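Hi everyone, thanks for coming. I'd like to walk you through one protein model today, so let me put it on the screen.

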Amino acid sequence: MNLSGKTFIVTGASSGIGKVLSKKLATKGAQIICASRNLDNLNRVVEEIKIQGGTAISVQTDITQMDQCQLLVEKTINHYGKLDALVLNAGISMWTPFESLKDVSFFRQLMETNYMGAVHCCHAALPFLKSSNGLIVNCSTGQALMGFPNHTGYAASKHALRGFLASLDIEMKGEIQFLDVIMGWIRGTGLRENAFGPNGQKLGETKRNHTSQSVPLIECVQAIVSGIENDKKVIYIPKKLRLVPFFNVFFKGLLNRKVAKAVNDHQD
Ligand SMILES: NC(=O)c1ccc[n+]([C@@H]2O[C@H](COP(=O)([O-])OP(=O)(O)OC[C@H]3O[C@@H](n4cnc5c(N)ncnc54)[C@H](OP(=O)(O)O)[C@@H]3O)[C@@H](O)[C@H]2O)c1
């Protein structure tokens with residue numbers, strides 16, 4: 001895809017991957033609709049894009065609400081007349097062993113945001129993406145391909161979304177393109193800080209060990225942009241994650257032990 005003049009909705013554009021990705025796409029000439037709940041943060045991102053010489057608007061959107069997702073797409077079409085790409089990036093996580101949870105009701109919020117929120121956006125955007133032979137980008141995770149300790153509800157929501165998009169891909173018969181971005185730990189985002197902790201509250205600032213396994217935000221975003229420009233169907237960040245599906249089938253025990261150790265090393 002040549003990004004110049006293309007219209008992108010980026011959900012979760014107020015922070016982390018969505019924020020840096022919006023700015024990077026804009027430097028390539030794309031027009032960005034920045035969507036998330038926090039309007040002040042979104043407006044700051046839009047300002048930064050404009051200062052860079054790019055084009056962007058902010059649309060305050062809670063993706064758990066279908067009517068707000070419809071409004072997001074309506075505002076996009078009213079403003080730019082078309083939609084070329086939808087980046088499903090907004091998401092929340094958790095960081096707690098299932099057994100130690102007193103209450104699992106926040107699992108609904110994980111599903112409402114990571115799964116239903118993306119479904120709402122796809123449903124509203126589909127007719128416009130079909131007419132532009134557009135693209136859906138899924139900012140996914142290795143945890144959508146395998147089990148992952150301390151992240152039961154998050155992994156489940158990301159598995160659900162991946163299954164939904166793989167099915168939609170077949171239904172669309174090539175009328176829409178799909179890019180699956182499978183990421184490991186990315187350094188410099190708010191995901192862990194905003195993750196649900198043991199009592200269902202935000203984890204907040206915690207001490208963590210940044211091992212060589214985490215990827216800097218800017219490297220991650222460069223890889224996503226390159227995947228879009230080169231019409232990839234799936235990319236792995238870091239590249240070694242491409243071995244996960246193979247290990248999950250043939251060496252599951254070994255993979256599970258490695259993952260358990262990695263989570264342990266990443267703890268407080
Ligand atoms: N960081 C990693 O290591 C990593 C690894 C693999 C995959 N990912 C995936 O990458 C995506 C981005 O994560 P990040 O690391 O950049 O985290 P982040 O910095 O916490 O950003 C999450 C974004 O999602 C938005 N959001 C949350 N709930 C929303 C809702 N109901 N409606 C609209 N927007 C909502 C937040 O904005 P508001 O608060 O303004 O709504 C924020 O902009 C997520 O889907 C995550 O699962 C991240």
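Eight helices and nine strands make up this protein, and please keep in mind that what you see is a predicted model. Along the principal axes, the C-alpha trace spans about 50 × 40 × 30 Å. How does the radius of gyration look for 268 residues? A compact globule with that many residues would come out near 18 Å, and the protein has 18 Å, so the two agree.

Let's turn to the ligand. There are 31 residues around the ligand, and those that come nearest are Gly-12, Gly-16, Asn-38, Gly-91 and Thr-189. Which elements give two or more residues to this shell? They are α1, α4, which covers residues 106–131, and β5, at 135–141. The top contributor is α1, with three residues. If you like to think in terms of chemistry, the shell around the ligand has 20 polar residues, nine nonpolar ones and two charged ones.

Now, stay with α1 for a moment, and look at how it sits against α2. Helix α1 runs over residues 16–27 and helix α2 over residues 39–51; they pack at an angle of about 25°, and their axes are 10 Å apart. Angles under 35 degrees count as roughly parallel, so α1 is roughly parallel to α2. The crossing of these two helices is right-handed. On the α1 side, Lys-19, Ser-22, Lys-23 and Ala-26 make the contact, while α2 brings Val-45, Glu-48 and Ile-49. By class, the residues of this contact divide into three charged, three nonpolar and one polar.

I'll finish with two spots in the backbone. Here's the background: most peptide bonds are trans, and most residues other than glycine have a negative phi. Where does the model depart from that?

One place is the bond between Ile-237 and Pro-238, a cis peptide bond with omega at about 0°. You'll find Pro-238 in the loop between β9, residues 234–237, and α7, residues 244–250.

Another is Asn-133, a residue other than glycine with a positive phi, near 45°. Asn-133 lies in the loop between α4 and β5, and you'll remember both of those elements from the shell around the ligand.

That's my tour. Thanks for listening, and I'm happy to turn the model around on screen if anyone wants another look.

Notes. Residues numbered from 1 in each chain as written. Predicted model: local features only at pLDDT ≥ 70, side-chain atom pairs only at ≥ 80, totals over all residues. Axes fitted to C-alpha atoms, helices over the stretch in contact; angles between N-to-C directions. Helix = DSSP H or I, 4+ residues; strand = E, 2+ residues; numbered from the N terminus. Parallel < 35°, antiparallel > 145°, perpendicular 65-115°, else oblique. Left-handed = near helix turned anticlockwise from the far one by under 90°. Contact = placed C-beta atoms within 7 Å. Nonpolar A, V, L, I, M, F, W, Y, C, P; charged D, E, K, R; others polar. Near = placed C-beta within 6 Å. Rg over C-alpha atoms; globule rule 2.2 N^0.38 Å.
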